[in-house]
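Biologist: I am new to this structure and would like a close look at a single part of it. Which residues line the second largest pocket?

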Amino acid sequence: MSDELDELEAESESIQEAADAMVELQQDGTLEDLTEAATAVSLLADALDDEMVVEVAGLANELGLVAGSATQPNTIRTLATMMDAMDEADTFENPEKVGMMGTVGKLRDEDVQRGLGFLMEFLGALGRQIERRSEGYKQAEN
């Protein structure tokens, strides 16, 4: 009999702790947020039809392939360098306007020359990739 009382007392404490936690969640608004999130997920799940699921799965697969190819050390370094360069340039809002003569003048800058060299190599590689892949894309469209 005392084992049953001990067990009942332990369950009672657990129930009280759970009730206290629910009250706290309700008081700080978290319970309402969780309820709204669950409702949104339920509505989204109901809205998805089989075709949408297949399309999303296909997109996820393609993104996985792209991410997989981006794991090459050189690709990662190149992307990181390009992102850092964008931050460093920080001229998106008001870029300098450069005409023909300004462009020729900028070509004397070693950093610009290095950047152009990279762009020329990249453009060559991009052209080769386009050529290699164009047949595959054409076949996929048919």
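Modeller: Six residues are worth finding: Glu 121, Phe 122, Ala 125, Leu 126, Gln 129 and Arg 133 line the second largest pocket. You are looking at a predicted model, where local features need pLDDT of at least 70 and side-chain atom pairs pLDDT 80 or more, while totals for chains, interfaces and linings use all residues. Residues are numbered from 1 along each chain as its sequence is written, and side-chain values use heavy atoms, without hydrogens and water.

A pocket here is an open set of points on a 1 Å grid where a 1.4 Å probe fits, with protein on both sides within 12 Å along at least five of seven lines; lining residues have an atom within 4 Å of a point. The second largest pocket holds about 180 Å³ of space, counted as the space filled by probe spheres set on the points. Sorted by class, its lining has 3 nonpolar, 1 polar and 2 charged residues (Asp, Glu, Lys and Arg are charged; Ala, Val, Leu, Ile, Met, Phe, Trp, Tyr, Cys and Pro nonpolar; the others polar).

Let us stay with Phe 122, one of the residues of that lining. Phe 122 is partly exposed, at 43% relative accessibility (buried is under 20%, exposed over 50%, partly exposed in between, with a 1.4 Å probe). Its partner is Phe 118: the ring centres are 6.3 Å apart and the planes stand at 15 degrees, so the two rings are stacked. Rings of Phe, Tyr and Trp pair when their centres lie within 6.5 Å, and planes under 30 degrees apart count as stacked. The count of aromatic pairs comes to 1. Phe 118 and Phe 122 sit 4 residues apart in helix α6, a separation of about one helical turn. Like its partner, Phe 118 is partly exposed, with a relative accessible area of 36%.

Follow helix α6 and you meet another pair, Arg 114 and Asp 111, which are 3 residues apart in that helix, about one turn. They form a salt bridge, with their closest N and O atoms 2.9 Å apart (a Lys or Arg side-chain nitrogen within 4 Å of an Asp or Glu carboxyl oxygen). Arg 114 is exposed at 55% relative accessibility, and Asp 111 is exposed with a relative accessible area of 55%.

Asp 111 also leads to the largest pocket, because it is among the residues that lie nearest the centre of that pocket, together with Ala 85, Ala 89, Val 112 and Gly 115. The largest pocket has a volume of about 970 Å³ and a lining of 21 residues. Helices α4 (73-89) and α6 (110-141) are the elements that give two or more residues to this lining, and α4 supplies the largest share, 8 residues. By class, the lining has 11 nonpolar, 4 polar and 6 charged residues.

The whole structure has 2 salt bridges. Besides the one in α6, there is a bridge where the side chains of Lys 106 and Glu 96 meet at 3.3 Å, N to O. Lys 106 lies in helix α5 (residues 100-106) and Glu 96 in the loop between α4 and α5, so this pair ties together parts 10 residues apart in sequence. Lys 106 is partly exposed at 36% relative accessibility, whereas Glu 96 is exposed at 58%.

Stepping back, the chain has 6 helices and 0 strands (DSSP runs of at least four and at least two residues), and of its 142 residues 0% count as buried.

Methods: Rings of Phe, Tyr and Trp (its six-membered ring) pair if their centres lie within 6.5 Å; planes under 30 degrees apart count as stacked, over 60 as edge-to-face and the rest as tilted.
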